[in-house]
Amino acid sequence: MEFQRVEEKPRHFNHFYPAIAAVIGVEAGGRVNFMPAVWNVGLSFDPPLFGVSVSPKRFTHGLLEAASAFSVTFHPYEQAERVQQLGSVSGRDTDKVAAFGLEVVRGRALDVPLLGGFYAAYELEKTAAWPAGDHTLFVGRLRGVWEDPAAFSGEALDPARVRALLYFGRYRYGYPAPETRVLGKR
């Protein structure tokens with residue numbers, strides 16, 4: 001095993017992958033944009049808070065600053081190419097909805113755009129934006145949750161029913177094995 005002492009930056013920062021590749025949807029100033037975000041996380045159950053970390057270099061960052069709400073959608077592995085495509089061009093230069101013929105679903109609890117084809121989605125009211133190094137953590141309170149009941153077993157995502165889109169770093173995508181085990185209390 002190799003050890004690296006980190007004084008400034010590690011050689012890479014992908015040790016916490018694979019991670020779910022979610023898609024942020026936001027609208028501000030008449031512009032709708034979608035951006036994949038692997039740095040996403042549940043923050044609190046009560047109140048229900050979810051966060052996405054976005055670099056100020058991204059066009060989506062400015063839209064998130066201006067907007068009062070945003071969405072996060074979760075897509076199956078079969079949509080990996082579409083999700084990667086969304087991250088390969090900037091909304092600053094390209095209207096992704098028109099260029100890629102995206103299906104836009106409007107929120108029911110909040111007026112936010114959601115990228116169609118999801119197995120689960122959140123409508124989030126923006127509650128905070130905290131600088132976190134070279135990114136900003138945008139925090140949203142869940143105001144609407146969408147889910148495809150066929151993708152879940154009880155309250156858990158069932159990898160035998162949906163192949164959740166995982167990002168492994170360096171443009172590599174995959175999905176969880178369909179076998180799972182329940183360990184501990186239910």
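**Notes on the predicted model: charges, core and surface**

1. Let me start with arginine 92, which sits in the loop between helix 2 (80-88) and helix 3 (96-100); helices here are DSSP runs of H or I with at least four residues, strands are runs of E with at least two, and both are numbered from the N terminus. Arginine 92 has a relative accessibility of 46%, so it counts as partly exposed. On that scale, buried means under 20% relative accessible area, exposed means over 50%, and partly exposed lies in between (1.4 Å probe, protein chains only).

2. A word on the ground rules. This is a predicted model, in which local features need pLDDT of at least 70 and side-chain atom pairs count only at pLDDT 80 or more, while totals for chains, interfaces and linings use all residues. Residues are numbered from 1 along each chain as its sequence is written, and side-chain values use heavy atoms, with hydrogens and water left out.

3. Arginine 92 also belongs to a surface patch of positive charge, together with Lys9, Lys57 and Arg58. Patches are made of residues with over 30% relative accessible area and no salt bridge; like charges are joined within 9 Å, and nonpolar side chains (Val, Leu, Ile, Met, Phe, Trp, Tyr) within 5 Å. Lys and Arg count as positive and Asp and Glu as negative, with His and the chain ends not counted. Each charge is placed at NZ of Lys, CZ of Arg, CG of Asp or CD of Glu.

4. There is a nonpolar patch to look at as well: Phe13, Phe16 and Trp39 make one of about 300 Å² on the surface. The accessible areas come from the Shrake-Rupley method with a 1.4 Å probe, and for residues only the protein chains shown count as cover. Of this trio, phenylalanine 16 is found in the segment before strand 1 (19-20). Its relative accessible area is 39%, which means phenylalanine 16 is partly exposed.

5. Now for the salt bridges, of which the structure holds 5. The criterion is a side-chain nitrogen of Lys or Arg within 4 Å of a carboxyl oxygen of Asp or Glu. One of them joins arginine 163 to glutamate 78, with the closest N and O atoms 2.7 Å apart. Arginine 163 lies in the loop between strand 12 and strand 13, and glutamate 78 in the loop between strand 6 and helix 2, so this pair ties together parts that are 85 residues apart in sequence. Glutamate 78 is exposed, at a relative accessible area of 52%, whereas arginine 163 is partly exposed at 30%.

6. The surroundings of arginine 163 deserve a look too. Not counting residues up to four places away in sequence, arginine 163 touches Pro76, Tyr77, Glu78 and Tyr175; contact means heavy atoms within 4.5 Å. As for distance, the C-alpha atoms of arginine 163 and glutamate 27 are separated by 28 Å, with their positions 136 residues apart along the chain.

7. Glutamate 27 has its own partners, being linked with Arg106 and Asp111 in a network of salt bridges. Within that network, aspartate 111 and arginine 106 bring their closest N and O atoms to 2.6 Å. Aspartate 111 is exposed, with a relative accessible area of 64%, and arginine 106 is partly exposed at 34%.

8. Another salt bridge pairs arginine 161 with aspartate 158, at 3.3 Å from N to O. Here aspartate 158 is buried, at 15% relative accessible area, while arginine 161 is partly exposed at 49%.

9. Which residues of helix 1 (residues 59-66) are buried? They are Phe59, Thr60, His61, Leu63 and Leu64. These buried residues pack against strand 2 (22-28), strand 3 (31-37), strand 5 (49-54), strand 6 (69-74), strand 9 (120-132) and strand 10 (135-147). Histidine 61, for one, has a relative accessible area of 6%. Leaving out residues up to four places away in sequence, histidine 61 touches Val54, Ser55, Pro56, Thr136 and Phe138.

10. Finally, alanine 121 in strand 9 is buried, with a relative accessible area of 0%. Apart from neighbours within four places in sequence, alanine 121 is in contact with Val72, Thr73, Phe74, Leu114, Gly144, Val145 and Trp146. Alanine 121 and glycine 107 are 14 residues apart in sequence, and their C-alpha atoms are 9.7 Å apart in space.
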